[in-house]
Amino acid sequence: MRVKRLLVMLMALVLVPLVSHAADVKLFTSSTQMLWYQDLLSDEGKREVQEYLRVNVTKLDKEGKLNIYGYGRANKVLSSPSEDLQGRLYYLYVDYRDAFKEHLDLRAGRTYVNSAALSGTVDGLYADVKNLGPVGVTLFGGRHVIFDDKRDVGTRGDALTGMSVYLDTVKNTHVEVSYGRKYGDTDVTRESVGLDFSTTPHQMVNVYGRMKYDTFAETYNEMLFGAKMAPLKDLTLRGEYYRSYPTFDSVSIYSIFSVEKYEEKSITAEYEFSKNYRASVKYAKENFDSDADADVFEIGFVAKPIKDLTLNASYEKRSGYAGQLSGLRFYGEYKISKAAILAGMDYDDFRREISREGTAKKFWAGVNYEFSKLISAVLRVEDNVNFTYDNGYQGYVAVQINY
Amino acid sequence: MIINKAFKIAVLSTAFLLVLVCLSFARTDHRDYRNSKLDECQDCHSGSGVMSNHGAFFVKEHRLLAQKGGSNCADCHQQSFCTDCHKGGNIDADLTRSLSRRGETMPRTHRSDFISIHSIKAADNPQTCSRCHEANFCSDCHGKTRQKGSMRIKSHRPAGTGSQIYSWNSDHAAEVRRNLQSCESCHPDADVCVKCHSSGKQNPHPRNWRDISKRYKNESNGRTCRKCHITY
């Protein structure tokens with residue numbers, strides 16, 4: 001019933017232009033997908049059909065300020081006939097940009113809201129009061145939508161509310177204080193205050209940071225300070241310090257336990273040899289407490305040796321607490337006329353502490369063929385050779401319609 | 001008196017200049033550039049005083065930018081661009097992304113055989129997982145597979161070969177403090193913790209518990225406390 005309601009809502013959006021003389025369905029995207037995959041828990045291969053629909057209804061008013069956006073999915077597991085048709089409505093909201101001169105943006109309906117203090121999907125309202133000189137204020141609130149196992153769940157008592165005040169003091173400097181509250185079954189389960197800052201005093205230097213304070217646990221849940229520098233035109237360097245301290249919802253028994261903080265210090269470098277060749281490298285030192293730490297190295301390379309060919313390669317090596325990982329990843333993309341062909345592989349050698357160890361390989365290939373600007377077809381196949389499967393095949397085929 | 005007056009003039013002048021600068025600053029609307037390629041960004045941004053982004057580590061970096069008030073992500077991206085990674089979805093049929101055991105497409109950060117590797121990757125900042133997954137996402141698997149031999153956990157080993165009884169070792173306190181979220185994945189109600197810790201012999205609370213306990217008690221109406229303390 002719920003899924004039918006979801007589909008009716010999205011289809012109704014398509015009909016909005018008929019009753020609004022100026023409206024225009026600017027972009028309508030449908031993706032019909034047939035998937036086959038391995039479910040480790042039930043130890044069986046599954047087949048599933050998924051129908052995605054995304055509708056953008058624009059130009060509802062003369063100035064093009066009023067728009068409606070919707071996105072949802074219905075799915076049915078074919079290999080388990082007893083399972084019902086399921087569905088998710090990711091978002092469906094009215095967007096009113098510059099509702100009051102250039103000072104107010106509004107979103108009403110189901111929408112994703114984002115702030116340093118709290119983020120999530122709500123059935124509610126989001127307002128951005130902007131351009132008040134150097135100051136802006138955002139406000140949001142509504143029922144908290146929780147996506148779980150291909151459905152959306154959550155009771156009427158689950159809610160998110162929050163606000164932020166931001167200050168663009170001088171060009172390229174942003175300071176923001178945000179506050180958020182999460183409710184579970186009408187109890188306040190989280191309350192956070194976030195502080196963000198970012199400044200670019202010189203075009204070669206950017207300094208930024210974030211602090212998120214949990215008012216229940218009376219501790220900083222997250223803390224991040226970083227600096228980004230571009231000493232040469234094609235070289236970007238970054239240093240970061242990150243600290244987190246896990247906190248839990250007030251109604252969770254885990255909120256009463258003592259925990260250790262996690263710390264990470266990292267440095268990265270990105271270099272562009274030319275427009276077609278780029279390299280990146282990262283080192284991170286992780287600390288779990290005085291007796292446990294880990295080192296993580298990453299290196300990546302992107303190359304476009306000829307027109308329409310892109311190659312990506314990366315290597316990651318981790319050693320220390322929780323386990324060792326040595327992983328290589330490679331993938332490439334080549335465009336021939338109306339077809340885009342992609343293929344890649346992952347190779348991971350891992351050692352978990354005391355338990356599982358071994359190698360895991362993943363080989364995949366896919367093609368996206370554009371019959372016309374309106375219709376295209378996609379095929380992806382993947383083979384997994386790992387601890388669980390000698391050959392675990394999975395993939396999907398899709399028909400895309402973009403109108 | 002004169003110093004006081006000079007100070008007031010200086011403050012007012014600075015405030016006036018600050019407002020003037022802010023009013024003269026207008027954020028560029030990027031909607032006209034949404035179809036541009038990333039390597040074309042520098043055509044405008046080079047020398048503009050804005051550091052380039054969308055680089056090799058942007059997956060990790062984007063959170064700060066996206067959560068800013070007045071962020072301009074929506075100038076180029078639809079919300080589905082966010083939800084397809086964070087909430088599971090694949091309307092644009094991204095060929096580089098793999099399927100999970102539930103038939104959901106996973107972000108590229110999930111390497112090959114992620115079921116085997118996830119315990120290592122989850123240790124690299126334990127909070128990363130909870131940005132997309134609810135706690136019951138873990139218990140959905142762990143709650144059902146805890147009896148399988150390959151799911152051994154450092155701090156609790158089977159008492160004997162094939163035994164379904166687990167013996168604790170001295171590591172468990174340190175392990176719990178480092179990654180308490182992983183305990184929640186198998187024991188959502190902490191029933192096994194309460195068995196020992198409710199006796200009062202081992203205090204599990206953090207150091208500032210006296211300062212913060214009242215708030216927790218009030219907000220949970222004492223439900224959390226009563227799991228161990230019957231008098232609450």
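Let us start at A:Gly366, which is buried because 22 other C-beta atoms lie within 10 Å, and 20 or more are enough to count as buried. Keep in mind that what you are looking at is a predicted model. A:Gly366 sits in strand β21 of chain A, which covers residues 357–370. Which residues is A:Gly366 in contact with, leaving aside its neighbours within four places in sequence? In chain A they are A:Leu342, A:Val378, A:Leu379 and A:Arg380, and B:Leu95 is on the list as well. A:Ser258, by contrast, is 108 residues away from A:Gly366 along the chain, and 48 Å separate the C-alpha atoms of the two.

Now step back to see chain A as a whole. Its secondary structure comes to 1 helix and 23 strands. The C-alpha trace of chain A spans about 60 × 50 × 50 Å along its principal axes. Of its 403 residues, 35% count as buried. If you take the contacts in chain A between residues at least 6 apart in sequence, 41% of them join residues at least 24 apart.

A:Leu342, one of the contacts of A:Gly366, is a good guide to the next stop. A:Leu342 belongs to strand β20 of chain A and stands opposite A:Glu333. β20(A), residues 339–352, runs antiparallel to β19(A), and 14 bridges join the two. Their hairpin has 2 residues between the strands, and A:Ser337 takes a positive phi near 50° there. Going back along the chain, you find that β19(A), residues 323–336, also runs antiparallel to β18(A), residues 309–320, with 10 bridges joining them. In this pairing A:Asn312 stands opposite A:Tyr331. These strands form a hairpin too, with 2 residues between them, and A:Ala322 in the turn has a positive phi of about 85°.

Where is the largest nonpolar core, and which residues have the most contacts inside it? This core has 20 residues, and A:Tyr91, A:Val113, A:Val122 and A:Leu160 have the most contacts within it. The strands β3, β4, β5, β6, β7 and β9 of chain A each supply at least two residues of this core, and β4(A) gives the most, with 5 residues. The core lies between domain 1 (1–95) and domain 2 (98–259) of chain A, because both give residues to it. For a closer look, pick A:Val122: leaving aside its neighbours within four places in sequence, its contacts include A:Val113, A:Phe140, A:Val145 and A:Leu160. Apart from this core lies another, of 13 residues, among them A:Ile253, A:Tyr254, B:Ala190 and B:Cys193.

That brings us to chain B and its meeting with chain A. The contact takes 111 residues from chain A and 78 residues from chain B. On the side of chain B, these are 31 nonpolar, 27 polar and 20 charged residues. The domain assignment of chain B gives domain 1 (135–142 + 167–188) and domain 2 (189–232), and 18 Å separate their centres, taken over C-alpha atoms.

Finally, how confident is the predictor? For the complex it gives an ipTM of 0.86 and a pTM of 0.86. Chain B averages a pLDDT of 77, and 76% of its residues score at least 70. Within chain B, confidence is highest in helix α4 (residues 79–88), at a mean of 90, and lowest in helix α1 (residues 2–24), at 62.

Note on methods:
Residues are numbered from 1 along each chain as its sequence is written. Chains are lettered from A and ligands numbered from 1 in the order in which they are written. This is a predicted model: local features need pLDDT of at least 70, side-chain atom pairs count only at pLDDT 80 or more; totals for chains, interfaces and linings use all residues. Two strands pair if DSSP finds at least two bridges between them. Helices (H or I, at least four residues) and strands (E, at least two) are DSSP runs, numbered from the N terminus. Two residues are in contact if their C-beta atoms, placed from the backbone, lie within 7 Å. Ala, Val, Leu, Ile, Met, Phe, Trp, Tyr, Cys and Pro count as nonpolar, Asp, Glu, Lys and Arg as charged, and the others, Gly among them, as polar. Domain bounds come from an automatic or database domain assignment. A nonpolar core is a set of buried Ala, Val, Leu, Ile, Met, Phe, Trp, Tyr and Cys residues joined through C-beta atoms within 7 Å. A residue is buried if 20 or more other C-beta atoms lie within 10 Å of its own, exposed if 12 or fewer, and partly exposed in between; C-beta atoms are placed from the backbone. pLDDT is the predictor's confidence in each residue, from 0 to 100.
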